[in-house]
Amino acid sequence: MKAGVRMKKKYIAAIIMEEAKEAFAQDGSYIIVDVRRADEYAEGHIPGAINIENEDIMDENPVELPDKDQRIYVYCRSGRRSQKAAAKLAALGYSSVIECGGILDWTGEIE
């Protein structure tokens, strides 16, 4: 993994939003997951992000994430829910989960 990535648990990495923004600009083989509530997502989200609420990630794989080996960037508002969601996805067997904090730290465009 690149410099700046902190390993938190097996298959979970944490990066800051600036590093996530750089990664989004370089490689298109990933999915961005916003784990905030639907109303928060509707108010503005990172371009291309899909919404899977943290509370909806339970004991079964989310249908929106069929490939357990795809790189998944997870964010929320401030970073708390994204940490929980990333841990739950890793527990479900997703092998490349990257927690990148909250949209409060995002400096790019919002859709």
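Is Ala38 buried, exposed or partly exposed, and what is its relative accessibility? Ala38 counts as partly exposed, because its relative accessibility is 39% and that class lies between buried (under 20% relative accessible area) and exposed (over 50%), judged with a 1.4 Å probe and protein chains only. We will come back to this residue after a look at the whole chain.

A word on the model before we go on. This is a predicted model, in which local features need pLDDT of at least 70 and side-chain atom pairs count only at pLDDT 80 or more, while totals for chains, interfaces and linings use all residues. Residues are numbered from 1 along each chain as its sequence is written, and side-chain values use heavy atoms, with hydrogens and water left out.

Let us start with the overall fold. The protein has three helices and six strands, taken as DSSP runs (H or I of at least four residues for helices, E of at least two for strands) and numbered from the N terminus. Read from the N terminus, the order of elements is β-β-α-β-α-β-β-α-β. The protein is as compact as a globular protein of its length, because its radius of gyration of 13 Å is close to the 13 Å that the globule rule gives for 111 residues. That radius is taken over C-alpha atoms, and the rule is 2.2 Å times the number of residues to the power 0.38. Along the principal axes, the C-alpha trace spans about 35 × 30 × 25 Å.

Next come the inside and the surface. Of the 111 residues, 44% are buried. Contact here means heavy atoms within 4.5 Å; among contacts between residues at least 6 apart in sequence, 65% join residues at least 24 apart. The protein exposes about 6200 Å², with carbon and sulfur atoms supplying 49% of it; such areas come from the Shrake-Rupley method with a 1.4 Å probe, and for residues only the protein chains shown count as cover.

Now for the aromatic rings. The structure holds four aromatic pairs. Rings of Phe, Tyr and Trp (its six-membered ring) pair if their centres lie within 6.5 Å, and planes under 30 degrees apart count as stacked, over 60 as edge-to-face and the rest as tilted. Phe24 and Trp106 make a tilted pair, at 5.9 Å centre to centre and 40° between the planes. This pair links distant parts of the chain: Phe24 sits in helix α1 (residues 17–26) and Trp106 in the segment after β6 (97–102), 82 residues apart. Both Phe24 and Trp106 are buried, and together with Tyr30 and Tyr73 they form one aromatic cluster.

Helix α1 also holds Met17, which is buried at a relative accessible area of 4%. Leaving out residues up to four places away in sequence, Met17 touches Ile46, Tyr75, Cys100, Gly101, Gly102, Ile103, Asp105 and Trp106. Of these partners, take Gly102: it lies 85 residues from Met17 along the chain, yet their C-alpha atoms are separated by 7.5 Å.

Back, then, to Ala38. This residue is found in helix α2 (residues 38–43). Apart from neighbours within four places in sequence, Ala38 is in contact with Asn51 and Glu53. The C-alpha atoms of Ala38 and Asn51 are 6.9 Å apart, with their positions 13 residues apart in sequence.

Strand β4 is home to Ile50, which is partly exposed with a relative accessible area of 24%. Beyond residues up to four places away in sequence, Ile50 touches Ile31, Ile32, Val33, Asp34, Tyr41, Glu64 and Leu65. Ile50 and Glu19 are 31 residues apart along the chain, and their C-alpha atoms are separated by 19 Å.

Our last stop is Glu60, placed in the loop between β4 (50–51) and β5 (71–76). Glu60 is exposed, with a relative accessible area of 66%. Its C-alpha atom is 7.3 Å from that of Leu92, a residue 32 places away in sequence.
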